[in-house]
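Here is a small set of exercises to work through with the model open beside you. Try each task on your own before you read its solution.

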Amino acid sequence: MGKLEEARSIFAADKYATEASGIVIEEVRDGYAKCSMKLTDIHRNAFGGVMGGAIYTLADFTFAVASNFEKEKLTASLVGQATFLSMSRGSVLYGESELIKDGRQNCFYQIKVYDDLGVDIATVSFTGVHIDKFKR
């Protein structure tokens with residue numbers, strides 16, 4: 001099994017992101033993830049725009065994959081801040097992570113959200129804390 005298939009298998013347990021929101025992991029490597037979300041009517045508000053919560057969910061899941069895949073410790077988010085830049089007229093949103101700093105206890109990522117038309121939709125920053133893995 002390749003890394004992409006392994007990541008998809010592990011994060012399939014995140015049902016809200018993968019099933020309810022329809023997010024797919026497109027690419028993964030150390031400290032990096034790219035995810036996509038095909039937009040449907042359930043992602044849109046009463047006026048036809050993409051819900052901010054849907055955009056944030058894509059960014060949060062992208063952060064989770066980038067900061068947790070093949071890591072010795074888990075990463076949980078401490079702070080997440082979204083800046084919404086434009087409405088999307090596209091049919092697919094992408095979240096792409098950038099690791100800014102990965103320290104012993106904390107990390108900082110920026111997630112760029114853009115659509116299939118190349119429009120920047122949002123920038124979401126996350127501060128995470130590294131914690132010991134636990135069993136369910």
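The exercises below go from the overall fold to the sheet, the core and a single residue, and they all rest on a predicted model.

**Exercise 1. The overall fold**

Task: Work out which pattern of helices and strands the protein follows along the sequence, and how its radius of gyration compares with the globule rule.

Solution:
- Step 1. Begin by counting elements: the protein has three helices and six strands.
- Step 2. Put them in sequence order, and the pattern reads α-α-β-β-α-β-β-β-β.
- Step 3. Now turn to the radius of gyration, which is 14 Å and close to the 14 Å that the globule rule gives for 136 residues, so the protein is as compact as a globular protein of that length.
- Step 4. For the outer dimensions, the C-alpha trace spans about 45 × 30 × 25 Å along its principal axes.
- Step 5. Finish with contacts: among those with a separation of 6 or more, 61% are between residues 24 or more positions apart.

**Exercise 2. The sheet**

Task: Find the order of the strands in the sheet and name the edge strands.

Solution:
- Step 1. Trace the six strands across the open sheet; their order is 1-2-4-5-6-3, with antiparallel pairing.
- Step 2. Look for strands that pair on one side only: these are strand 1 (23-29) and strand 3 (74-84), the edge strands.
- Step 3. Check the twist: neighbouring strands are turned by 20 degrees against each other on average, direction ignored.

**Exercise 3. Two hairpins**

Task: Describe how strand 5 is joined to strand 4 and to strand 6.

Solution:
- Step 1. Take strand 4 (residues 92-102) and strand 5 (residues 106-115): they run antiparallel and are joined by nine bridges.
- Step 2. Pick out individual pairs. Leu93 has Asp115 as its bridge partner, and Glu98 has Gln110.
- Step 3. Look at the connection: strand 4 and strand 5 form a hairpin with three residues between them.
- Step 4. Move on to strand 6, which pairs with strand 5 in the antiparallel sense over nine bridges. Here Cys107 has Gly128 as its bridge partner.
- Step 5. Strand 5 and strand 6 also form a hairpin, with four residues between them, and Gly118 in the turn has a positive phi of about 85 degrees.

**Exercise 4. The nonpolar core**

Task: Identify which residues touch the most other members of the largest nonpolar core, and which element gives the largest share.

Solution:
- Step 1. Start with burial: 38% of the 136 residues are buried.
- Step 2. The largest nonpolar core has 29 residues, and Ile25, Phe61, Leu93, Ile111 and Val113 touch the most other members.
- Step 3. Helix 1 (3-11), strand 1, strand 2 (32-38), helix 3 (52-68), strand 5 and strand 6 (120-131) each give two or more residues to this core.
- Step 4. Helix 3 supplies the largest share, eight residues.
- Step 5. Zoom in on Ile25: beyond residues up to four places away in sequence, its contacts include Leu4, Phe11, Phe61 and Val65.

**Exercise 5. Val24**

Task: Decide whether Val24 is buried, partly exposed or exposed, and list its contacts beyond its sequence neighbours.

Solution:
- Step 1. Locate Val24 in strand 1.
- Step 2. Its relative accessibility is 34%. Buried means under 20% and exposed over 50%, so Val24 counts as partly exposed.
- Step 3. Leaving aside neighbours within four places in sequence, Val24 is in contact with Arg8, Lys34, Cys35 and Ser36.
- Step 4. Compare with Leu93, which is 69 residues from Val24 in sequence and 11 Å from it in space, C-alpha to C-alpha.

Notes:
Residues are numbered from 1 along each chain as its sequence is written. This is a predicted model: local features need pLDDT of at least 70, side-chain atom pairs count only at pLDDT 80 or more; totals for chains, interfaces and linings use all residues. Side-chain values use heavy atoms; hydrogens and water are left out. Two strands pair if DSSP finds at least two bridges between them. Axes are lines fitted to C-alpha atoms, for helices over the stretch in contact, and angles run from 0 to 180 degrees between N-to-C directions. The radius of gyration is taken over C-alpha atoms; the globule rule is 2.2 Å times the number of residues to the power 0.38. Buried means under 20% relative accessible area, exposed over 50%, partly exposed in between (1.4 Å probe, protein chains only). Contact means heavy atoms within 4.5 Å. A nonpolar core is a set of buried Ala, Val, Leu, Ile, Met, Phe, Trp, Tyr and Cys residues joined through side-chain atoms within 4.5 Å.
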